[in-house]
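Trainee: Got a minute to go through this one with me? I'd like to start from a single residue and work outwards.
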Amino acid sequence: MFREKGELSEKIEGILPRVAKPGRYTGGEWNMMVKDWRSVEGRMVFVFPDVYEVGMSNLALRIIYGLVNADSRFLCERAFAPWPDMEDCMRDEGVPLFALESKRPVASFDVVGFTLQYELSYTNVLNCLSLAGLSLRAENRRGGDPWIIAGGPCACNPEPLAPFVDVFFLGEAEEQLLVLLDILAVGKLEQRAARDEQACRVIRRKTLRRAVEVPGVYVPEFYTHGRGLEEPSGIAERTGVTTLTGQPAPEESDVIPAVAGGAPYVAEGAPELVKKAVVRDFEGAYFPDKPLVPYLEIVHDRGSLEIMRGCGRGCRFCQAGMIYRPVRERSVETLLVQARSMLEATGYDEVSLVSLSSGDYSRINELLRGLMAELEPRKCNVSLPSLRLDSFDVQIAREVQKVRKSGLTFAPEAGTQRLRDVINKNVTDEDLFRVAEEVFREGWQQIKLYYMIGLPTETWEDLEGIVEQVRGVLAAAKRAGRRGARVTVSASSFVPKPHTPFQWEAQDTPETLLEKQAFLRAGLKVMKVKFSYHDVYMSWAEGLLARGDRRLANVLESLAAAGARFDGWTEYFRSEMWREALVEAGVDGDWYTSRVRSEEERLPWDHLDCGVRKEILLRERAKANALVGGQE
Ligand code: SF4
């Protein structure tokens, strides 16, 4: 095995002429940090389980890369899932997954840290482990192997990945990750000096027991879900019985009881409830003011200013809105300093204001004015990713459009007031039509509208409402004198997520979603509106993993063995492969997706506290239920 720097470089260079976009694998970007391997106590490689262009656009990567490297005790390098052409060459040539900075094998680091940004990247996590030459299951790895850790939004229910990961990190990294790294680095040093594997196992246990004292740390092997199981108390109702596996949905008695009904066994010393880590001092928290600047065009090729964390709006379907609480803002003064230093260090011509709901930033106009004063002379642009209709201020739009006018995006989410009330999206048709008319008058030519289909309680009337709303926006364009205005519509499929008031709800089956998509397509076609939507089978697989438990680890393992990778990409997602993996593992996927779960049922993530208590989620769910008939 390649353990030393340089050994791999030649082999990699030999492969690169044979693959598309070799720049994905060369490193050497502006602001890249390369530290001396021997000068530090702990070495981490941050693995983004997707292609370079996606990973490099991720703010978590920028923060963690800078945060760890800013500490003299540690170094952090990067690795990305190689695109299939590169992976095939690597496997042919015996080249393991490597870090871009030093070209060392990922397996030679002390800690391998994955970020779990979306569920369909899980097969890439397993594929990356395999490509690194590491055993997939933690129980089969040896003392000389690195620790495998994982964080990110999906860590709020990481159970399908539990057997593969040593340590999950819940919540925000800035104040606790270095504490965890210190513990793991010491443990790895001790393990590598240990006389045999038996001694390594003792050190492993001791290290993990120390790790669980760090806020946000969840060690899955300290919890089993196999004790005291009872039958799930309420498989209430199914909304559809067509299974992706092509088999009839099993009767209630066939359902294998998973975590439902049974309290997880907690090893001595581990907390019964793991609380996510929260950054207390957001104003002073680490900010990457010298981010990496890629040579290759990436998905979001611009500087990012994180103006706010958390969102207090409380849309009931929104996991991010629940798990990133509390709401915290950075001051305008700090943000202007950060913007200046970032632009000087990167040469970017666009700055994006990152947050869940930038329009809610309390000093948004002041910030934009300050930023424009800074950016205009440099011919730089500000971009606001998404705007709330009810907080939309045309003054903001005017500030932003001074340099360059890009399209505006709004998310009414649902087509009728009734359904918007159910999901707690407090916008009205009037808000939308007024804002649309204003922005068309201001000179915008394009508006993009985001909706979600398959929301709890949705009826055909709600879908008809989407078509009517789009008609209203086109009428607003006409009133504003913009006959050539473009309105595009995107409809994602609702996937119930853990830690939200809708975590108990059933997900629409792929067949139902297909019908709903066809209905919208027909309605929007008449108005010549461009309509995009999600692959329904991918949404189904996302839902399966999002609310899954440890039994799904076998499904993931079968998928990895069958060669599944890049499942988040329509061109690589193969629903037949998922079907076969489910059959092989003896798991009924619809049991996870298509039934309403009982409120008494123990959910696979009940031992993980991501900030909003279950009582509050139940209260919100009750409020939504009270609105089903259209009145409170
Ligand atoms: S959908 Fe947007 S506004 Fe609503 S809670 Fe989520 S982030 Fe906030």
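Mentor: Sure, let's start with V111: V111 is buried, because 24 other C-beta atoms lie within 10 Å. The cut-offs are 20 or more such atoms within 10 Å for buried, 12 or fewer for exposed, and partly exposed in between, with C-beta atoms placed from the backbone. Keep in mind that this is a predicted model, where local features need pLDDT of at least 70, side-chain atom pairs count only at pLDDT 80 or more, and totals for chains, interfaces and linings use all residues. Numbering runs from 1 along each chain as its sequence is written.

Trainee: OK, which strand is V111 in?
Mentor: V111 belongs to strand 3, residues 111-115. Strands here are DSSP E runs of at least two residues, and helices are H or I runs of at least four, numbered from the N terminus.

Trainee: And what is V111 in contact with, leaving aside neighbours within four places in sequence?
Mentor: G42, M44, P146, W147, I149, L181 and L184. Contact means C-beta atoms, placed from the backbone, within 7 Å. For G42, the C-alpha to C-alpha distance to V111 is 7.9 Å, with the two positions 69 residues apart in sequence.

Trainee: Switching to A491, is that buried or exposed?
Mentor: A491 is buried, since it has 25 other C-beta atoms within 10 Å. A491 sits in strand 18, residues 486-493. Beyond four places in sequence, its contacts include Y451, I453 and Y533.

Trainee: Which residues touch the most other members of the largest nonpolar core?
Mentor: I64, V106, V165, F169, L170 and V473, out of 152 residues in that core. This core takes at least three residues from each of domain 1 (21-222) and domain 2 (407-546), with bounds from an automatic or database domain assignment. A nonpolar core is a set of buried Ala, Val, Leu, Ile, Met, Phe, Trp, Tyr and Cys residues joined through C-beta atoms within 7 Å.

Trainee: What surrounds the ligand?
Mentor: C311, R313, G314, C315, C318, A320, G321, L356 and S357, each with its C-beta atom, placed from the backbone, within 6 Å of the ligand.

Trainee: Last one: where does pLDDT stay under 50?
Mentor: Over residues 226-262. pLDDT is the predictor's confidence in each residue, from 0 to 100. Where pLDDT is low, the predicted coordinates should not be read in detail. For the protein chain, the mean pLDDT is 89, and 88% of residues reach 70 or more.

Terms used. Contact = placed C-beta atoms within 7 Å.
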